[in-house]
Amino acid sequence: MATLYRQLAELLRDAGCVFVRQGKGSHEVWHSPITRRPVTLPSNITSRHLANAILKQAGVDKRV
């Protein structure tokens, strides 16, 4: 099963989000300038619902 990580990371970068640090396990922490909050992104994400929830948390209007 293919992951949605690359597509999700590209959408976050396009929205101005920046990679902050590596989190625990396969997770990364990004910062959203829109919501001014950290967003946790798993590198092995396969669920479109979770991907869309992460985009919503980051304040990005696009959907996967």
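Student: What phi does Gly 16 take, just after α1?

Tutor: A positive one, about 95°. Helices here are DSSP runs of H or I with at least four residues, strands are runs of E with at least two, and both are numbered from the N terminus. Mind that this is a predicted model: local features need pLDDT of at least 70, side-chain atom pairs count only at pLDDT 80 or more, and totals for chains, interfaces and linings use all residues. Residues are numbered from 1 along each chain as its sequence is written, and side-chain values use heavy atoms, with hydrogens and water left out.

Student: How do you know whether Ser 32 is buried or exposed?

Tutor: Buried means under 20% relative accessible area, exposed over 50%, and partly exposed in between (1.4 Å probe, protein chains only). Ser 32 has 0%, so it's buried. Ser 32 sits in strand β2, and its side chain reaches the backbone oxygen of Ala 58 at 2.6 Å.

Student: What makes that a polar contact?

Tutor: The N or O atoms must be within 3.5 Å; within protein, one must be able to donate a hydrogen and the other to accept it, and residues adjacent in sequence count only if both atoms are side-chain atoms. At 2.6 Å, Ser 32 and Ala 58 pass.

Student: Why is the pair of Phe 19 and Trp 30 called edge-to-face?

Tutor: Rings of Phe, Tyr and Trp (its six-membered ring) pair if their centres lie within 6.5 Å; planes under 30 degrees apart are stacked, over 60 edge-to-face, the rest tilted. Here it's 6.1 Å centre to centre and 85° between the planes, so the label fits. Phe 19 lies in strand β1 and Trp 30 in strand β2, so the pair ties together parts 11 residues apart in sequence. Trp 30 is buried at 3%, while Phe 19, at 43%, is partly exposed.

Student: And how do you know that Glu 28 has no salt bridge?

Tutor: A salt bridge needs a side-chain nitrogen of Lys or Arg within 4 Å of a carboxyl oxygen of Asp or Glu. For buried Glu 28, the nearest side chain of opposite charge is Arg 13, 6.9 Å away. (Lys and Arg count as positive, Asp and Glu as negative; His and chain ends aren't counted.) Because 6.9 Å is outside the 4 Å limit, there's no bridge. Glu 28 does have a polar contact of 2.8 Å with the side chain of Tyr 5.
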